[in-house]
Amino acid sequence: MPFSSYLGKTRRLGGGPPQSLLPSSAPAKAKAISTRKSSRKRPALINFILTNLVTIALSTSLLFFLLTLFLFGVPQPISSRLRPSPAHYRRPFKPRKPISRIKRVNDTAFGANVDVTTKDLYDKIEFLDVAGGPWTQGWRVSYKGNEWDEEPLKVFVVPHSHNDPGWKLTVEEYYDRQSRHILDTIVESLSKDTRRKFIWEEMSYLERWWRDASELKRQSFTNLVKNGQLEIVGGGWVMNDEANSHYYSIIEQITEGNMWLNDTLGVIPKNSWAIDPFGYSPTMAYLLRRMGFENMLIQRTHYELKKELAWQKKLEYVWRQSWDAEESTDIFVHMMPFYSYDIPHTCGPEPAVCCQFDFARMRGFMYELCPWGEHPVETNQENVQERALKLLDQYRKKSTLYRTNTLLIPLGDDFRYISIDEAEAQFRNYQLLFDYINSNPILNAEAKFGTLDDYFRTLREEAERINYSQPGEIGSAQIGGFPSLQGDFFTYADRQQDYWSGYYVSRPFFKAVDRVLEQTLRATEMIIALLLGYCQRAQCEKLPVGFSYKLTAARRNLALFQHHDGVTGTAKDHVVRDYGTRMHTSLQDLQIFMSKGIEVLLGIRHDKSDQTPAQFEPEQVRSKYDAQPVHRVIAATEGTYHSVVFFNPLEQSREEVVMVIVDRPDVAVLDSNWTCVQSQVSPELQHHKSKIFTGQHRLHFKVSVPPLGLQTYYVASGFVGCEKAKQAKIKHSSRSNTLSCPAPYTCTEIQSDTVEIGNKHQVLTFDAKHGLLQKISHLDGPENIVGEVIGIYSSSGSGAYLFKPIGDAEPIVQAGGVMVVSEGPLVQEVYSYPKTLWDNSPISHSTRIYNAEGSVQQFIVEKEYHVELLGQDFNDKELIARYRSDIDNRRIFYSDLNGFQMSRREYYTKIPLQGNYYPMPSLAFMQGTDGQRFSLHSRQSLGAASPKDGWLEIMLDRRLVRDDGRGLGQGVMDNRAINVVFHILVESNISRTSNPESNPLPLSPSLLSHSVGARLNYPLHAFISKKSHDISVQPPAKSLSPLSSSLPCDLHIVSFKVPRPLKYSQQAAEGSRFILVLQRRHWDSSYCHKGRSKCTNLADEPVNLFNMFKGLAVLNARATSLNLLHEDAELLGYAEQLADVQEGHVIISPMELQAYKLELRPHQ
């Protein structure tokens, strides 16, 4: 995302005077240099010891050896079945005993001990935004001059070009106009001088360029990489967002880029470069560590946090996960200190000076001149001394913010180095400056072009020689001399009270499509793996292998949208359309393939060609990229039936109530054995002021589908052996009396002020005048006030990135409106089309409760909001749903990070509301001091806050006229109608828990909550037969149950796939062509688990991969990295015993992800 000077019209920085933006303390202290003790006269005892040193040492060693044998016995030989990594990758991991263990889970240490937490920083910082002089957000930096006497300053200037795969232009437009020229320039410029260096991040552009490049250019590029001039950093398909992206998609996008890079160039990145995501998640640090990355670089963190960390010399640290008591997740991080990643804000603390060394801003180039008034000039022999000393002064000042004398200076900006002239201007001028600095030993400095790897390698070498640890610092066994840190970096603010919490919600329609594509791709990968696993014959491979090109496109379209201007909703309208069209195309491709794949797996399809039309079609379809999905209507002709096949993408068997749409109410449901199934029929409802009933019917029935399996059901009309679907009873209230009762249902008028629906576990009470949920009463426990509110914030400063409300949200629901209650044996529902100030309400909503014995559905409340923030009436409005409960949460709540882990969120009155909004990709919950917990699961990424005690607030959509000054150049006006679905779970703990107010660590979901979230985010996939069949012809039972049994309740299959189906038949069968990624969930054991979620076993004991599948033998199982490119447990941070696969048995610690390469063969 372009991001340069303060005044840049094309930048994400916004306007304002150059020095009005940004805090002030005393000058930074000089760097500590390791001291040497002065010599003293030796006492007699020391003389004796020195004289007999060898004898004493041998005696002591012998005693230690004998003591060890006595205590521990004879040691066993250590072995690992994992291949060792190349020696140059990493210092050996040196495990050490953790200093403290904060809490224990199942006898396992759980809780990191660190030097710094982001909560500590927020508690300490006053957020006063004090102006600091030339470095507006810092202080006047100075130095003594002797800091580099013993250890000279080593400066690495790292040229880079940030290429957004879509923002103001589409990815293809950017490639054609800029990125391909930049890559051409890099190859030509670096080839001229081996001293020149460069780094490149985005594989989406590199892969596109590689396809177009001549063989000569490809070879030149490869040579530059191999000789160390050009480093691929990160190497993901994109530089992904870290707030909205789900961890599955993050793994996918990095793996897609890393595997292409390894296949094409034989390179595996080890340094991550993330200069533009708007805030940072520890999930990313964890995933990178488990992919074999060694170091990370980040930039966009709150400017007050940067200042505090710079003051404490903690901008470089080791990032540790909140649960990690063993230091196995540690990864080294460099945080850039200043406002931006452009050249004015990277050479040192004074942007007015640094801008003079951005030689592409000299007159004659396309870039804007320096807004501070002093512009760069060509370096020559007459001015080189003055210019070099001026630049070195900035380097020295920046160096004082860090502990070591190894300094990183990025040199680039968005889409830079687009021409040879521009590249030469930078390389030529800087080389002259370097030559002057390096030729003057009195300066105690060496400056040169470098890569990120050059910097980190030199820094680690220096940290090996000199101890930079501060007194009492815990640090890390990974690298000495640096503090350890735990926490995340949300919500980002770049200046004043400009908090970037708007993008958590911008373009929510496409945030929802992102997750649909993710779960559809995941399910398709599973079906392909099952097809190839069970088949193992050339004729069976035609279908999945023939689909491999579209599969790769789907992976890459999902990966592309994870870009930090994609899923964030911060791109131009036509770019959003491009992302949406790509995702829509892939969704259609995947659904068509799944329709054919299930036929093969069920033995229906005998022609295995990809060209043959499918007999089934997906139950939900989208007519175009920006349309809501619609349900296919089953046309139930008398005397016929339609088959409905369900695929369960989860590792647990599922029993739940499902819904299909039928055109007539007098139908029955049968299972695959032609046994009658209880069903319910009710009128279909829609978002409309008067025409609420569509004329179609919702058919609900309960299904049971095995894990990773298929099950068939039949919807029949005129089948005399079964009772027809039970008709729901309808109640309604409408002041205008425009509602007519749909045939053939019985309708009554709502008379009371309250309405109740319930099952045997809970009763929901609604305010009949407003149609809002008031309370949830548990039949075996307490009553919880819910106090649902629908409100709107007004704003004049919000935009795609920023949320800047004016005052509090105003409730919009008035007394009146339309309310419809539907009550049946399986589902009860309250639908409300509220009366508002506007003739057409921007929202309608349904609340459902299920009678589903044996299913987690019976414990949840399902909320579905239909949102239409369309038209100028809603300009500069931001719509929220708020739950005002009686839970005493002290304005503390917990939201998830990337669907992977939870983070504790505390409301700080010293920062505005927008700074207290946080990303909620899939879950938020609040917990009272009495252990009452209110959890809200979402199937898409949104933003959440707890602005008052007991409140949980979720933003649903936003419509904004103005640009917010971050470079996009437009507001967000392309709203689409959306359905936002929440699953609400209210729980009471069964044992005493810690007080959220006093416990700084994040709490974990209960086992039941995990189960609820999994079923919402990975729903059953339904497929309906295109043709009806005569009832007189009953087919044989059709189902598939590939797992031997459900996996333990806390073990989740993240992914089961064949990474390269196109090369499947070319790879040796003795190899490992399948991938299985597992996650062991951590759950809060103080909440009821086994009984409520039908949990039968947990992953406390080893899981046997060899016995996992039914009818399939697992061969050659071995652990691998999450990007599938490393097999060294030490390199990935795993304890050796956790990564080893002994006779198929694997142990996975809570919170860990573990990938395995497998070979599958059908049993003979």
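**Disulfides and an open antiparallel sheet**

In this predicted model, a disulfide joins Cys741 to Cys747, with an S to S distance of 1.9 Å. The torsion about the S-S bond of this link is 75°, which gives the connection between Cys741 and Cys747 a right-handed sense. Neither cysteine falls under the 20% limit that defines a buried residue or over the 50% limit that defines an exposed one: Cys741, with a relative accessible area of 37%, is partly exposed, and Cys747, with a relative accessible area of 21%, is likewise partly exposed.

The link between Cys741 and Cys747 is one of four disulfides that the structure holds. Another is formed by Cys676 and Cys722, whose sulfur atoms lie 1.8 Å apart, and here the value about the S-S bond is -90°, so that the link is described as left-handed. Cys676 belongs to strand β23 (residues 676-677), whereas Cys722 is placed in the loop between β26 (710-717) and β27 (726-727), and the pair therefore ties together parts that are 46 residues apart in sequence. The two ends of this disulfide are assigned to separate classes of accessibility: Cys676 is partly exposed at a relative accessible area of 39%, while Cys722, at 9% relative accessibility, counts as buried, the cut-off for that class being under 20%.

A further disulfide joins Cys355 to Cys370, with an S to S distance of 2.0 Å. It is left-handed, with -100° about the S-S bond. Cys355 and Cys370 both lie in the loop between α10 (351-354) and α11 (384-399), at positions 15 residues apart. Both Cys355 and Cys370 are buried.

Apart from the disulfides, the model contains an open sheet of six strands, arranged in the order β35-β34-β40-β47-β46-β43 and paired in the antiparallel sense. The edges of this sheet are occupied by β35 (805-811) and β43 (918-920), each of which has a single partner strand, so that one side of each is left without a neighbour in the sheet. From one strand to the next, the twist averages 35°. Within the order given, strand β40 (residues 877-884) and strand β47 (residues 951-959) form an antiparallel pair that extends over eight bridges, and in this pairing Glu878 stands opposite Arg958 of β47.

Conventions. Residues numbered from 1 in each chain as written. Predicted model: local features only at pLDDT ≥ 70, side-chain atom pairs only at ≥ 80, totals over all residues. Heavy atoms only, no water. Pairing = 2+ DSSP bridges. Helix = DSSP H or I, 4+ residues; strand = E, 2+ residues; numbered from the N terminus. Axes fitted to C-alpha atoms, helices over the stretch in contact; angles between N-to-C directions. Disulfide = S-S within 2.5 Å. Buried < 20%, exposed > 50% of the residue type's maximum accessible area, 1.4 Å probe, protein only.
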